Amino acid sequence: MAKSWRGFALSVLLLAVGGLLGVAATSAVLYKRPFVDRLDSVKRLLGLGGYWDLYKKTGTPFGRASYSWKGVQSPTSPEWTVKPGFDVQLVAQGFTYPVSLAFPNHPGTDPDSPRFYVAELDGRIKYVGNDGQIYLFAEGFKNVPPFPIEKSDELGLVGLTTLSDSDDLVITHAYKNHEAGFVSNRIVRLISEPGGKRLRESKVLLDLKEPSAPSHQIQSVIEGPDGKLYVSVGDGEDYPNSLNLSRFGGKILRMNKDGSPCDDNPFYDEIIAETNPQAPRLYIYALGIRNAFDLAFQPDTGRLYSAENGESTDRLIQVLPGASFGYDGIRESSRLNALFTWGPDPNNVSPVGMVFPNRPILGDGSNTRGYMGLYGDAFRVGPDDYLGKSIVELEFDPKTGLLLTIPALLIQYSGDAKATVLDLAEGPDGLYFTDFFGSAKSTEVDGTGRVWRVVPSKETLGLPSVDDQQLAALEPAQRGQILFHRNCIGCHSLNGSGGHEGPRLDGIAKILESRLAGHHEAAMKQLLKEGVSDDSRRRIEEVLAAKPGKQRVRTWLKHHLEEPRFDNLYGKMPSFAESLSPEYRNDVIAFLMSQ
């Protein structure tokens with residue numbers, strides 16, 4: 001334990017020294033906040049919040065760890081490896097560099113009504129209709145030469161979002177400012193004809209009018225729960241921009257839908273607004289960013305998170321108003337305020353799209369988690385040799401907003417093409433993502449980009465498909481496994497698969513053995529003193545009378561499956577007294593005892 005603390009203390013000391021570099025940039029804002037908020041901001045600035053837990057799990061407070069997972073081949077799309085319990089399905093193909101996708105908030109019912117929109121890097125917005133056909137919505141939002149596929153220097157149309165109060169879209173793109181002689185960035189509102197099938201006109205909301213650069217251009221745009229637009233802007237490969245309140249580069253911006261700055265932004269200044277209503281500091285929500293590809297709001301908490309490509313070290317951050325994330329051109333500054341980091345080279349992953357579903361599109365409990373795409377090695381044909389070309393699950397503490405576990409792989413590319421994951425979006429029937437290169441294996445990429453979706457699937461759980469008659473003929477151990485997955489896996493996870501409504505059941509027998517000889521034993525005795533129903537009293541007394549150890553665990557599981565609320569009035573688990581016979585309940589218990 002002492003050795004662990006010494007290692008942790010040394011790591012935190014190194015992080016704290018780097019964190020001090022960002023204090024000056026945030027001090028002007030921190031003093032305006034209540035003490036508790038200031039303390040939390042300083043903890044995040046120095047990288048202290050919640051990292052001891054990650055240190056115990058990964059050996060480093062920065063979250064770096066070796067990854068291994070028990071993926072299986074997708075039965076529908078064999079070029080993808082999936083977490084058991086899921087599958088990957090092809091939705092549409094024929095795109096060229098599909099960057100972002102977004103679903104309409106007011107979908108139509110006509111065959112050619114937009115099902116979802118796709119932004120292509122070379123300046124086109126297309127949509128897939130309800131009939132599955134691809135339609136052109138708008139084009140011409142790129143006037144710079146296309147980049148060669150050998151490089152990862154994207155330049156053009158990137159951000160795309162749909163608005164909650166209309167059929168309009170908002171995009172972000174780089175463009176050649178011929179008057180100034182350099183490439184710059186714009187935020188544009190695309191005003192749709194009713195139904196969202198055609199563009200009526202485009203309106204520039206904000207022209208940033210400062211130099212940009214490939215890969216470090218303007219990136220994501222999303223609408224927040226407050227109805228405002230949030231935009232991530234790369235540093236233009238000029239790192240001093242990131243900490244300069246007079247530049248848009250290296251920032252998260254917040255603005256109204258008409259393009260004006262929000263007057264409650266952390267650096268808003270009324271005097272400056274009178275003379276220069278589009279001054280960068282009026283729009284800045286957070287600073288010290290290198291290249292944040294995407295932004296995502298957590299539905300229940302309203303917390304804003306971002307996936308950022310760093311200087312050899314990538315990071316996941318929670319975006320706080322007025323906070324500095326300290327990027328100053330030095331690799332180690334990419335660790336500041338990070339909830340999690342990947343890297344340095346060769347272990348960086350290029351995090352890209354990110355989403356928090358509002359609904360359980362991937363099964364029970366999936367609406368409580370986040371999902372992030374890891375782009376990986378842009379040059380590689382075939383699988384990535386680390387974590388790239390994948391989607392990972394992110395599980396957060398609802399109280400603190402910190403990560404509870406290291407990101408876990410959901411899917412990863414395992415085919416023989418350039419395919420990779422880019423943007424993610426919540427669809428009505430799964431988790432959708434764009435595949436930037438698609439089936440391309442060389443520089444010929446025209447029309448090879450694709451859109452996929454991840455869906456729940458019992459087929460990848462590796463269980464035999466049996467009817468009730470066949471089930472009865474199986475051995476009890478195999479029967480218990482199948483019954484567990486039929487009845488419990490939707491709410492409980494086991495071996496990395498399943499839902500998250502109930503507790504994880506890995507090692508459940510040992511966990512219960514400890515609890516039933518400790519605090520839960522005391523809790524049941526207290527229930528008897530306070531008074532419970534006759535049925536609950538009978539069940540509790542039978543559990544307490546059983547010999548501590550495996551016998552007590554089996555007794556408790558027996559009563560828990562019959563009447564889950566016998567020792568917990570607030571339990572949500574259904575009773576299996578009617579749906580499963582005593583023999584089948586015993587089979588499930590035997591299976592759980594083997595875990």
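Which residues does L592 touch, not counting residues up to four places away in sequence? In this predicted model, L592 is in contact with F484, L505, I508, A509 and L557.

**Nonpolar cores**

L592 belongs to the largest nonpolar core, which has 31 residues. Together with F484, L512, W556 and L557, L592 touches the most other members of that core. Six elements give two or more residues each: α8 (476–487), α9 (508–515), α10 (519–530), α11 (534–545), α12 (550–562) and α13 (582–593). Of these, α13 gives the most, with six residues. A second core, separate from this one, has 21 residues, including I218, Y283, I284 and L287.

**Aromatic rings**

Across the whole structure, a search finds 22 aromatic pairs. One of them joins Y117 and Y127: the ring centres are 5.9 Å apart and the planes meet at 65°, so the pair counts as edge-to-face, the cut-off being over 60 degrees. Y117 is in strand β5 (residues 114–120) and Y127 in strand β6 (residues 124–129), so this pair ties together parts 10 residues apart in sequence. Y117 has 2% relative accessibility and counts as buried. Y127 is also buried, with a relative accessible area of 2%.

Elsewhere, W80, Y413, F433 and W452 form a cluster linked by ring pairs.

**Charges over rings**

Two charged side chains have their ends placed over aromatic rings, as listed here.

| Charged residue | Ring | Distance from ring centre |
|---|---|---|
| R186 | Y175 | 3.8 Å |
| K418 | F437 | 5.3 Å |

Terms used:
Residues numbered from 1 in each chain as written. Predicted model: local features only at pLDDT ≥ 70, side-chain atom pairs only at ≥ 80, totals over all residues. Heavy atoms only, no water. Core = buried A, V, L, I, M, F, W, Y, C linked by side-chain atoms within 4.5 Å. Buried < 20%, exposed > 50% of the residue type's maximum accessible area, 1.4 Å probe, protein only. Helix = DSSP H or I, 4+ residues; strand = E, 2+ residues; numbered from the N terminus. Contact = heavy atoms within 4.5 Å. Phe/Tyr/Trp six-rings, centres within 6.5 Å; stacked < 30°, edge-to-face > 60°. Lys NZ or Arg CZ within 6 Å of the ring centre and 35° of its normal.
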